[in-house]
Amino acid sequence: MRHHLFEWKEGLLIALNAIRANKARSILTTLGIVIGICSVALMATAINGIDKAFVEGISSLGADNLHIDKYAWFSNEDFFLMRNRKNVTMDQFERFKKLAKLPLAVAPTILTVHKVLFGDNYVEGTLMTGTTDEYVRTTNFNFGRGRFFSPVESNGARNVAVLGSEVAAHLFEKQDPLAKTVKIDGIPFRVIGVLDKQGSTLLGNFNPDNQVYIPIGTVFKYFRRNRDTVTIVVRAPSTEMINATKEEALGLMRRVRGLMYDEKDDFAINQQEGLTENYNQVVGVIKLVGLFITGLSLLVGAIGIMNIMFVSVKERTREIGIRKAIGAKKRTIMGQFLTEAAVICLIGGLVGLLLAIGLSMIINKFLPTSVQMNTVILAITISLLTGIVSGLAPAWTAAKMDPVEALRYE
Amino acid sequence: MNIINLENITKIYQVGSEEVHALDGVSLKIDRNEYVAIMGPSGSGKSTLMNILGCLDTPTEGKYDLKGTDVSDMSDNALAEVRNREIGFVFQTFNLLPRATSFHNVELPLIYAGIPAARRHEMAEVALSSVGLKDRMLHKPSELSGGQRQRVAVARALVIGPSIILADEPTGNLDSKTGEDIMTLFHEIYEQGNTIILVTHEEYIANHAKRVIRLLDGKVESDKQVANHTVPARGK
Ligand SMILES: Nc1ncnc2c1ncn2[C@@H]1O[C@H](COP(=O)(O)OP(=O)(O)O)[C@@H](O)[C@H]1O
Ligand SMILES: [Mg+2]
């Protein structure tokens, strides 16, 4: 055992010496590994960030919610056929709500897009959700200021608005938005609440941070016709109860919409699960492509290392002969060159990692993320492995050299 | 007891379609604490013989007993161990590691033998002192003269206490004065009880030995004791 340790220490020393003696060459060779490991680390970090953003986004939408809709989110059904379905109306919502026993909360929603203005500041194309007071119980909203609208405000179709954090920040900058009047497509609304930052940039405009919430009656008063289709958001009492809640909703909706037993559903009950599946499919492809590209850049790096190790073995033929003459075994020589390749790759890997940490700070501006510990461990492991794999063939060439030939080499 | 016993050693190299008999039935016995010079014209097989004696190479045919153990068909690893423990090489071209200090060059066989650091340092220092280079321990080969380099090589050959010292034209790259110094060193080593086998072209170098073996075309041409071998003047 001690044998191996001494030999290995000697190998490490030789490796560092050799790298020092050929600085320029070592740096150029290592560059491939630096880039390879940097891209591995960045890819892992970006994927971490996307996953994190998705999970946060999903949970800000409410994890245990069902969305009863005329349209299915993910299906192969023809969009135009779905369009010909009857609308999900407020009347249907009222009857559904009265009959449903299981849900924790039920709320109708309707989405519209508007220009929201305060003083000189405005946000074009803001997504506005019209809903009832009960909607807030289907979400995990936290309020920075104020509150959601009350049953009275909801039923009375008052001109009140709750703003997402981004919208509020944009319109009011440093002012307190509470009790101020904003104009939505020119119509005045009193701000009664501002949401805390909810989370996910991944959701884009669907992110609550970028939205405005007003009573659904108010939407019908100014922006939409009474018969327009709504989405009914249903919150299950718990994750375990989702399926039961869905079963109940299915039966009730068929009844409410007057479907005969042999008629197909003419509505959809959408779930995040579908969203997650869809996400995994799309991001899965991105991950695979990323893996392939980073793998390719690592391969290029590894070939560079292999190349330079062959040169190094050739140059040191005589040294190998000397070492063998005084008692170095095959495995000693093998270990020496493997160590050298591993050390070069490890140094390259560490530099690449540092580079990735620096670059991730830039990525962080667009996608909240940072280099995780497991990414660090992954990068170090991969760089070591790359070194060992790419050093294998050159090291074997060195190990099996004939000592007499090697000593004669000029 | 014979430390070396060669029986009918043959070494054949295949060069193209032709077979070169570098050694052609060499039989030899060498005792502990002998001082042997091997002579012969260029191409007579001296280096080939030394390589086989030093376990760097194995014979095509024949039997080689080193300290009573047959080494003619040992594995590469076993041969490496024999070289490490039993053989000390001194080469014409010194063959030191250029980037390593004298100390590290001398320490190297001890590393491969798995000797702990403290003991290694002690042994390497003793070996370098014995060749008069205690004050050059941290010099690299490029910072030493030819004679000094060869002394480092001798220290490296001696450091582990091998059974035989093999020197292939150790003075071939040195001027005659420095060559004489190295021969004095060999004489001292011999007097300490070591077994030395050296290859040389020069009669006056061979005269330091007590026995001269002459090779011709891969065969032993003559094997004689030297009547009045040179005893170098003491005192450096
Ligand atoms: N590796 C080799 N391949 C082919 N022929 C060799 C090889 N090594 C030595 N020889 C031949 O064997 C013979 C003896 O060589 P060598 O032992 O080096 O002679 P010396 O050292 O006495 O000059 C020479 O004819 C040489 O050409
Ligand atoms: Mg020769």
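# A tour of chains A and B

Begin by displaying both chains of this predicted model with their surfaces on, since the first stop is the place where they meet: chain B and chain A bury about 2,400 Å² between them, and 59% of that area lies on carbon and sulfur atoms. Selecting the residues in contact brings up 28 residues from chain B together with 25 residues from chain A.

Next, look for charged pairs that cross this interface, where two salt bridges are found between chain B and chain A. To see one of them, select E81(B) and K329(A) and show their side chains, whose closest N and O atoms are 2.4 Å apart in the salt bridge that the two residues form. If you then widen the search to polar contacts between chain B and chain A, the count is eight residue pairs, with both residues of each pair at pLDDT 80 or more.

Now hide chain A and keep the side of chain B that touches it, colouring by secondary structure: the elements that give two or more residues to this side are α2 (76-86), α3 (102-112) and α4 (117-130) of chain B. Of these, α2(B) is the one to centre on, because it gives the most to that side, with six residues. Recolouring the same side of chain B by residue class separates 14 nonpolar residues from seven polar and seven charged ones.

Staying with chain B, select the whole chain, in which there are seven helices and 10 strands. Its radius of gyration is 18 Å, close to the 18 Å that the globule rule gives for 236 residues, so chain B is as compact as a globular protein of that length. The C-alpha trace of chain B spans about 50 × 40 × 40 Å along its principal axes.

Finally, bring back chain A, whose secondary structure consists of 13 helices and 10 strands. Its radius of gyration is 32 Å, whereas a compact globule of 410 residues would have a value near 22 Å, and its C-alpha trace extends over about 100 × 55 × 40 Å along the principal axes. Colour chain A by domain to finish, taking 2-57 + 277-408 as domain 1 and 64-271 as domain 2; the C-alpha centres of these two domains of chain A lie 53 Å apart.

Technical notes
Residues are numbered from 1 along each chain as its sequence is written. Chains are lettered from A and ligands numbered from 1 in the order in which they are written. This is a predicted model: local features need pLDDT of at least 70, side-chain atom pairs count only at pLDDT 80 or more; totals for chains, interfaces and linings use all residues. Side-chain values use heavy atoms; hydrogens and water are left out. Contact means heavy atoms within 4.5 Å. Buried area is the accessible area (1.4 Å probe) that two parts lose on being put together, summed over both. A salt bridge is a side-chain nitrogen of Lys or Arg within 4 Å of a carboxyl oxygen of Asp or Glu. A polar contact is a pair of N or O atoms within 3.5 Å; within protein, one must be able to donate a hydrogen and the other to accept it, and residues adjacent in sequence count only if both atoms are side-chain atoms. Helices (H or I, at least four residues) and strands (E, at least two) are DSSP runs, numbered from the N terminus. Ala, Val, Leu, Ile, Met, Phe, Trp, Tyr, Cys and Pro count as nonpolar, Asp, Glu, Lys and Arg as charged, and the others, Gly among them, as polar. Domain bounds come from an automatic or database domain assignment. The radius of gyration is taken over C-alpha atoms; the globule rule is 2.2 Å times the number of residues to the power 0.38.
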